Amino acid sequence: MIRVRRVYDPPEPGADGVRVLVDRLWPRGLAKAAAAVDEWPKAVTPSGELRTWFHAGGSQEEFRQRYEAELAEPAAAAELDRLRGLAGAGPLTLLTAVKDPASSHAAVLAELLSG
């Protein structure tokens, strides 16, 4: 089971399993102890260039295409395989600081990990 949640939400020890931060930057105002992040694989986070492009007015559809292309790069692909292994062993929660995780890069990542 793969879940997508906001990193600011309190951890749910019985349901979260391995908690993986999928943002390139550490969330503002959040202490590392409070976040209860188990892993932070930056290889699967959107690049700074992609984030800048999207926030300047890029479309969601093109963002997804560009992000999937980044995830096809060797380092990211290897990390995706490792995360799939973690998800196969038990619950995996992808954490992000965005306000709407369901329409974020974390949701794209969750779909790729599930597929």
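This tour goes from the sheet to the helices on it and then to the aromatic rings.

The model is predicted: local features need pLDDT of at least 70, side-chain atom pairs count only at pLDDT 80 or more, and totals for chains, interfaces and linings use all residues. Residues are numbered from 1 along each chain as its sequence is written, and side-chain values use heavy atoms, leaving out hydrogens and water.

**The sheet.** Select the three strands (strands are DSSP E runs of at least two residues, helices H or I runs of at least four, numbered from the N terminus). They form an open sheet in the order β1-β3-β2, with parallel pairing (pairing takes at least two DSSP bridges). β1 (2-6) and β2 (18-21) are at the edges with a single partner strand each, so one side of each has no neighbour in the sheet.

Now show β3, residues 92-96: five bridges join β3 to β1. Find Val-4 opposite Leu-94.

**The helix on top.** Select α5, residues 74-89. Helix α5 packs on the sheet and touches β1, β2 and β3 (contact means heavy atoms within 4.5 Å).

**The rings.** Show Phe-54, Phe-63 and Tyr-67, which ring pairs link into a cluster (ring centres of Phe, Tyr or the six-membered ring of Trp within 6.5 Å; planes under 30 degrees apart are stacked, over 60 edge-to-face, the rest tilted). Phe-63 is buried at 6% relative accessible area, and Tyr-67 is buried at 0% (buried is under 20%, exposed over 50%, partly exposed in between, with a 1.4 Å probe and protein chains only).

Notes: Axes are lines fitted to C-alpha atoms, for helices over the stretch in contact, and angles run from 0 to 180 degrees between N-to-C directions.
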